[in-house]
Amino acid sequence: IAMILLWVLLQPRASGLRRRTAVLLLVLIAVVVVSASSFQERFAQDPGGGSRGHLTTVAVKSIRMRPVTGTGPNAYVTVVGRTDELTATGVPVHNVFLLTAGELGVPGAALLWLPFVAMWIGAWRRRREAGRAGACARACLSLLPLTIAIGWTGWGLLETSVFIFFCYICGYLWGNITQGAADRDALWREEVTAA
C-alpha cells in the first residue's frame, strides 16, 4: 500500500494514471480491511516480535566482533550459531542490513547496498521527467519504502531467488532511468498510447 500510495503522489498532476492508481489504492485498502482479522491474529500470537530483539542483539555483537570481515557470505548461521542456540537452529537476524553487515562486514555491506542507494538518488533527480525515464524513476522511488520495510523486518530479501529478482527489477529501472534517449521516450509514448 505504501508503494502504491507513493506512486500516486509522485505522478504528474495532469496524469490520468494518477486517478486510476488512486482507484487501485482504494481497492487495496478494501482488501486489507477484509483480511485484517488474519493480521490481528498474527500479531496477537506474537505481540512483542518474538525473538527478534534477541537476534538483533546477537547480530550487533557479531558485527562488533568482526566489523571488517564479517562471517563470510552464507556463513552467518554456521558461525554465529556456535555461540547462540536460536541462530544454530537456522534462524538468522531478521534485518537484511544487519545480516549483510554480519556476513560481509561493514565495508562489504556498504559496497553491496551502495549501487541501490545511487539508483534511488538518481531516481529522485529524474522523478519529474516525462517519458520512460521519469516513469521508471517514480516506480523506483515507490520501491524504496517497500525495500526498507521488508529489509528492516526480515531476511527474505537476501534469499537467492528473491535477491536476484530484486536486482533484475532495479537494473531494469536504473537502465531506463539513465537511458533517457529520445527514441526510447517516443517508443514509451507509443506503448502507453497502445495500452
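Is Asn 74 buried or exposed? Asn 74 counts as exposed, because its relative accessibility is 72%. Keep that residue in mind. I will come back to its backbone.

Good morning. One caution before we go on: what you see is a predicted model.

Let me start with the overall picture. The chain has 10 helices and 0 strands. Read from the N terminus, the elements run α-α-α-α-α-α-α-α-α-α. There are 195 residues in the chain, and buried residues make up 34% of them.

Now to helix α7. Helix α7 covers residues 96-126. A straight helix of 31 residues would span 45 Å, at 1.5 Å a residue. Between its end C-alpha atoms, α7 spans only 28 Å. Where is the bend in α7? Look at Leu 104. There α7 bends by about 120°. A proline follows within four residues, namely Pro 107.

Next, the start of α7. Asn 95 sends a side-chain oxygen to the backbone nitrogen of Phe 97. That oxygen comes to within 2.9 Å of the nitrogen.

Two residues inside α7 deserve a look. Glu 103 lies in this helix. Glu 103 counts as buried, because its relative accessibility is 13% and the cut-off for buried is under 20%. Its C-alpha atom is 9.9 Å from that of Val 80. Those two residues are 23 apart along the chain.

The second is Ala 118, also found in helix α7. Ala 118 is partly exposed, with a relative accessible area of 39%. Which residue do we pair with Ala 118 here, 56 residues apart along the chain? The partner is Trp 174. The two C-alpha atoms are separated by 9.6 Å.

Moving on to charges. How many salt bridges does the count come to? The count comes to 1 salt bridge. Arg 126 forms a salt bridge with Glu 129. Their closest N and O atoms are 2.6 Å apart. Residue 126 also ends the range given for α7. Glu 129 counts as partly exposed, at 30% relative accessibility.

Next, helix α8, residues 131-153. Ile 150 lies in that helix. Its relative accessible area is 42%, so Ile 150 is partly exposed. Ile 150 and His 94 are 56 residues apart in sequence. In space they are 9.5 Å apart, C-alpha to C-alpha.

Past α8 comes a loop. Glu 159 sits there, between α8 and α9, and α9 is residues 160-179. Glu 159 is partly exposed, with a relative accessible area of 43%. Its C-alpha atom is separated by 9.9 Å from that of Val 96. Along the chain, Glu 159 and Val 96 are 63 residues apart.

Now the surface. Which residues form a nonpolar patch there? They are Val 23, Leu 24, Val 27 and Val 31. Together they have about 340 Å² of accessible area. Val 23 lies in helix α2, residues 16-34. Look at the numbering of the patch members. An α-helix has 3.6 residues a turn, so residues three or four places apart point the same way. As for Val 23 itself, it counts as exposed, because its relative accessibility is 51% and the cut-off for exposed is over 50%.

Back to Asn 74, as promised. Where does Asn 74 lie? Asn 74 lies in the loop between α4 and α5. Helix α4 is 52-65, and α5 is 76-80. Phi of Asn 74 is near 60°. That is a positive value in a residue other than glycine. Most residues other than glycine have a negative phi.

To recap. The chain has 10 helices and 0 strands. Helix α7 bends at Leu 104. Arg 126 and Glu 129 form a salt bridge. Val 23, Leu 24, Val 27 and Val 31 form a nonpolar surface patch. Thank you.

Note on methods:
Residues numbered from 1 in each chain as written. Predicted model: local features only at pLDDT ≥ 70, side-chain atom pairs only at ≥ 80, totals over all residues. Heavy atoms only, no water. Expected span 1.5 Å × (residues − 1). Bend = angle between axes of the 7 residues up to and from the residue. Polar contact = N/O pair within 3.5 Å; in protein donor to acceptor, adjacent residues only side chain to side chain. Salt bridge = Lys/Arg side-chain N within 4 Å of Asp/Glu carboxyl O. Buried < 20%, exposed > 50% of the residue type's maximum accessible area, 1.4 Å probe, protein only. Patch = residues over 30% accessible without salt bridge, like charges linked within 9 Å, V, L, I, M, F, W, Y side chains within 5 Å. Areas by Shrake-Rupley, 256 points an atom, 1.4 Å probe, with all protein chains shown as cover.
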